[in-house]
Amino acid sequence: MIRIKNAGMLSTVQDLGRVGVMTNGFTHGGVMDTYSTRIANLLCSNDVNAPVIEMTMLGITAEFCDDCVFALSGGDFQPRLNSQPIKNNKAYTAKAGDVLALSSAKSGMRCYLAVGGGFKVESIMGSASTDLKLGIGGFKGRRLKAGDELETGESKNELKNIEIPCREYGNVVDVRFVYGPQDDMFTDTDKTLFENQLYTVTPSLDRMGIRLSAIALKGKKGMDIISEGIAFGSVQIPPSGMPIILMADHQTTGGYAKIATVISVDLPLLAQVKPYDKIRFHAVSLKKAQTLVKKEKRELEGLFK
């Protein structure tokens, strides 16, 4: 068990999300940064889908009530164990009474804490993810607060003696995308702008989406479509002409044209952007996107052999 002493800015229990529920009007949800979540869980000898704590901008302070293997991944929140600096992407053993303290984000936007055995919370619709709008999942369906005590699952207590290189999060982020499904609603000029201009991340970003600012896209005959399904990474263009990248807590359907979809291996990079960071888009083929997914899977498996 761990006891939360300070809950940070926005800390919730998440896993990789709810699969197959969007047809019933529920969002997929789950962690924003799937790559960091997988790294942290694998370092703790967990299944990659084990529940973790996702922290945003400001990390938690927590006391370990039992001996525990743990790992952090994602943004650099300047973590300390009993006041001694520790690293991301490396497994540690904590003793009962040890205190883990994370500060504000030195780089990135979100940090993930995994513990051996995962966090023991109720599964709803096949997932432990917190849905703050519905008040379900995670720890009592809400963000964490001081005084919360989270049970941990049965741990293998295997300390993996490896250290995974940490990703660097700069102020300019290059992300790849495939065109569609409504790219035919945009002019060649729009597509040239989309691929070549540097977009600014506005302060309007959260787990639902990231609003961008630059020269507006015009479209051929407006942006409205009959409402249809949305995916994690869909890039909607509303009447303002300013793209919105839909993220983990995106709505299930939407009525604006989607010029593109960010490829899945680059979504974790978007999970770490901050207001006023810059984003550049680069088009790739669907075949290339699929190849990159397979490559990342092989690389992750190779790290933990």
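**Reading the terms on a predicted model**

Biologist: What makes Asp174 partly exposed, rather than buried or exposed?

Modeller: Asp174 has a relative accessibility of 33%. Buried would need a value under 20%, and exposed one over 50%. Since 33% falls in between, Asp174 counts as partly exposed. Please keep in mind that this is a predicted model, and the values are computed from it.

Biologist: Which residue does Asp174 pair with, and how do you know that the contact is a salt bridge?

Modeller: The partner is Arg280, and the closest N and O atoms of the two are 2.9 Å apart. The cut-off for an Arg or Lys nitrogen and an Asp or Glu oxygen is 4 Å, so this pair qualifies. Arg280 is partly exposed too, at 33% relative accessible area.

Biologist: Why can one say that a salt bridge ties separate parts of the chain together?

Modeller: We can go back to the pair for that: Arg280 forms its salt bridge with Asp174. Arg280 belongs to strand S19 and Asp174 to strand S12, so the contact ties together parts that are 106 residues apart in sequence.

Biologist: How do you know that S12 and S19 are paired strands?

Modeller: Strand S12 (residues 172-179) and strand S19 (residues 278-283) share 6 bridges and run in the parallel sense. Pairing asks for at least two bridges, so 6 is enough. Within this pairing, Arg176 stands opposite His282 in S19.

Biologist: What makes S12 and S18 a pair as well?

Modeller: They are joined by 3 bridges and run antiparallel. The requirement is at least two, so these strands also count as paired. If you look at Tyr179, you will find Ala260 of S18 opposite.

Biologist: How do you know that Lys258 and Glu228 form a salt bridge?

Modeller: Their side chains meet with 2.9 Å from N to O, and the limit is 4 Å, so the rule is met. This pair also links distant parts of the chain, with Lys258 in strand S18 and Glu228 in strand S15 (residues 224-229), 30 residues apart.

Biologist: Is Lys258 buried or exposed, and what about Glu228?

Modeller: Lys258 has a relative accessible area of 2%, which is under 20%, so it is called buried. Glu228 comes to 29%, so it sits in the partly exposed class. There is also a network elsewhere: salt bridges that share partners join Arg3, Glu63 and Glu149.

Biologist: What makes the classes of Asp148 and Arg142 differ, given their values?

Modeller: Asp148 has 6% relative accessible area and is buried, because that value is under 20%. Arg142 has 21%, so it passes the 20% mark and counts as partly exposed. The two form a salt bridge, with the closest N and O atoms 2.9 Å apart.

Biologist: How many salt bridges does the rule give?

Modeller: The count comes to 14 salt bridges.

Biologist: Let's turn to the empty spaces. Why is a space called a cavity rather than a pocket?

Modeller: A cavity is closed, because the 1.4 Å probe fits but cannot get out, whereas a pocket is open. This structure holds 2 cavities of 30 Å³ or more, and the largest has a volume of about 40 Å³.

Biologist: Which residues line the largest cavity?

Modeller: The lining consists of Tyr35, Ser36, Ser73, Gly74, Asn89, Cys166, Arg167 and Tyr169. Helix H1 (34-43) and strand S5 (68-76) each supply at least two of the lining residues. By class there are 3 nonpolar, 4 polar and 1 charged.

Biologist: What makes the lining of the second largest cavity polar and charged?

Modeller: Its residues divide into no nonpolar, 6 polar and 3 charged. The charged class covers Asp, Glu, Lys and Arg, so Arg18, Asp131 and Asp249 belong there.

Biologist: Which residues lie nearest the centre of the largest pocket, and which element gives the most to its lining?

Modeller: Of its 19 lining residues, Thr34, Arg38, Ser264, Val293 and Glu296 lie nearest the centre. Helix H4 gives the most, with 5 residues. The pocket has about 530 Å³ of space, and its lining has 12 nonpolar, 3 polar and 4 charged residues.

Biologist: How many residues line the second largest pocket?

Modeller: There are 19, and Lys133, Asp206, Arg207, Met208 and Asp249 lie nearest the centre. This pocket has about 360 Å³ of space, and its lining divides into 7 nonpolar, 6 polar and 6 charged residues.

Technical notes:
Residues numbered from 1 in each chain as written. Predicted model: local features only at pLDDT ≥ 70, side-chain atom pairs only at ≥ 80, totals over all residues. Heavy atoms only, no water. 1 Å grid on protein atoms, 1.4 Å probe; cavity = no way out; pocket = protein on both sides within 12 Å on 5 of 7 lines; lining within 4 Å. Points joined across faces, edges and corners; volume = space filled by probe spheres on them. Helix = DSSP H or I, 4+ residues; strand = E, 2+ residues; numbered from the N terminus. Buried < 20%, exposed > 50% of the residue type's maximum accessible area, 1.4 Å probe, protein only.
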